[in-house]
Structure formats: C-alpha cells, structure tokens
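Work through the exercises below with the sequence and the structure at hand. Each task is followed by a solution in steps.

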Amino acid sequence: MTCARHLTSRPAARTSSRSAMSSEPPPPPPPQAPTPHQTNVGLLDTPRARDRSPSPLRGNVVPSPLPTRRTRTFSATVRASQGPVYKGVCKCFCRSKGHGFITPADGGPDIFLHISDVEGEYVPVEGDEVTYKMCSIPPKNEKLQAVEVVITHLAPGTKHETWSGHVISS
C-alpha cells in the first residue's frame, strides 16, 4: 500500500523552460494502430479531411444569394415598386423553407416567391390567387422574383394559416 507521503515525495516531471514559454502547440500524439473493426477494406488508410461548406454554427455566415426584402438594394426596390402589377396563382409555398412559386396568369415560367415578400396575414397555399410585382434576381439578373405579393382570393376548400399560427378554413 502506498501512502500519500510517498506520492508527494516523488520528483515532478521537468519540462524544458523553452517549451513552457513557447507559444508552439505540443507535438501530436503518435498514431495508434486501428482495431479490426476500424479498418476499411479497399479504402485509403489515412483519414481525409472533409470539405465542408461554411456554417453559421461554426461562425462563418454565408450570405444567401436570393435578395430578400432586407438585402435588396434600394434601387431594385424602387424599380420593382414602379413596375406593373401582375396576377397569378400560387403553385406551391413551403413555410418551413421560406419560399414557393407563382404561376403567372398570362403563362410563362414560374416565378420565385420569398417569404419576406408576402404581404398580409395569411400564409400562401396552393391555388391562392395573388397579385405581385416582379424584380430580377442578381447576380446575372436572368431569373425573376415576385415582390409585394398580396393574396387576393383564398383557394376554396383549403385551410389557411395566419403567420401567428391560427388555422382558418375557407
């Protein structure tokens, strides 16, 4: 049996004054041999660093390429507000994803709809008649986005949800 006196009387391990004062990180531990359940047959033995996209959780915020109401430039907002009002039908809208599409009444390709551009108290659902203005999506300005979207007629026979979460049948 060892007593506490013997444990305290042992000489402490010395570290060189050079490594204690240096800001260099300590050397990595030597690699250990993998256990049989860790080996990968036919794969490289060295672990490969994963290429990850920047994440807000890691401190790197990636700006969204879609111009929301908050990120749209003032000149783009003025151009859109001075443009004509179009009519269409909501093709789909996902509240959790924050976007959807509108099918124009006069035909043509579907138009992107962002959650920040919906006016009024109801969340759009499939079949809602809407009016909107259009704004081009940078950087190439080839695609269009609906802005100032107003639901004019709720789709009959569907349940509509308000932004606060109340469900109303129409």
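**Exercise 1. Find what share of the chain is buried, and describe its surface and contacts.**

Step 1. Of the 170 residues in the chain, 22% are buried, where buried means under 20% relative accessible area, exposed means over 50%, and partly exposed lies in between (1.4 Å probe, protein chains only). The model is predicted, so local features need pLDDT of at least 70 and side-chain atom pairs count only at pLDDT 80 or more, while totals for chains, interfaces and linings use all residues. Residues are numbered from 1 along each chain as its sequence is written, and side-chain values use heavy atoms, with hydrogens and water left out.

Step 2. The exposed area of the chain is about 13,600 Å², with 58% of it supplied by carbon and sulfur atoms. Such areas come from the Shrake-Rupley method with a 1.4 Å probe; for residues, only the protein chains shown count as cover.

Step 3. Take the contacts (heavy atoms within 4.5 Å) between residues at least 6 apart in sequence: 53% of them join residues at least 24 apart.

**Exercise 2. List the secondary structure elements in order.**

Step 1. Count the helices (DSSP runs of H or I, at least four residues) and strands (runs of E, at least two), numbered from the N terminus. There are three helices and eight strands.

Step 2. Read from the N terminus, the order is α-α-α-β-β-β-β-β-β-β-β.

**Exercise 3. Describe the second largest pocket and its lining.**

Step 1. The second largest pocket holds about 190 Å³ of space. A pocket is an open set of points on a 1 Å grid over the protein atoms alone, with protein on both sides within 12 Å along at least five of seven lines; a 1.4 Å probe fits at the points, and lining residues have an atom within 4 Å of a point. The volume is the space filled by probe spheres set on the points, which are joined across faces, edges and corners.

Step 2. The lining has 15 residues, and Pro109, Asp110, Ile111, Met134 and Leu144 are the closest to the pocket centre.

Step 3. Strand 2 (99-104), strand 3 (111-114), strand 5 (129-137) and strand 6 (143-153) each give two or more residues to this lining. Strand 5 gives the most, with three residues.

Step 4. Sort the lining by class: ten residues are nonpolar, two polar and three charged. Here Ala, Val, Leu, Ile, Met, Phe, Trp, Tyr, Cys and Pro count as nonpolar, Asp, Glu, Lys and Arg as charged, and the others, Gly among them, as polar.

**Exercise 4. Why are Cys90 and Cys92 in no disulfide?**

Step 1. A disulfide is a pair of cysteine sulfur atoms within 2.5 Å. The whole structure has zero disulfides.

Step 2. For Cys90, the nearest cysteine sulfur is that of Cys92, 6.6 Å away, so the pair does not meet the 2.5 Å cut-off.

Step 3. Cys90 is buried, at 1% relative accessible area, whereas Cys92 is partly exposed, at 34%.

**Exercise 5. Place Asp117 and Thr162 in the chain and state whether each is buried or exposed.**

Step 1. Asp117 sits in the loop between strand 3 and strand 4 (118-119). Its relative accessible area is 1%, so Asp117 is buried.

Step 2. Thr162 belongs to the loop between strand 7 (159-161) and strand 8 (167-169). Thr162 is buried because its relative accessibility is 6%.

Step 3. Beyond its neighbours within four places in sequence, Thr162 contacts Arg95, Glu121, Tyr122, Val123 and Ile168.
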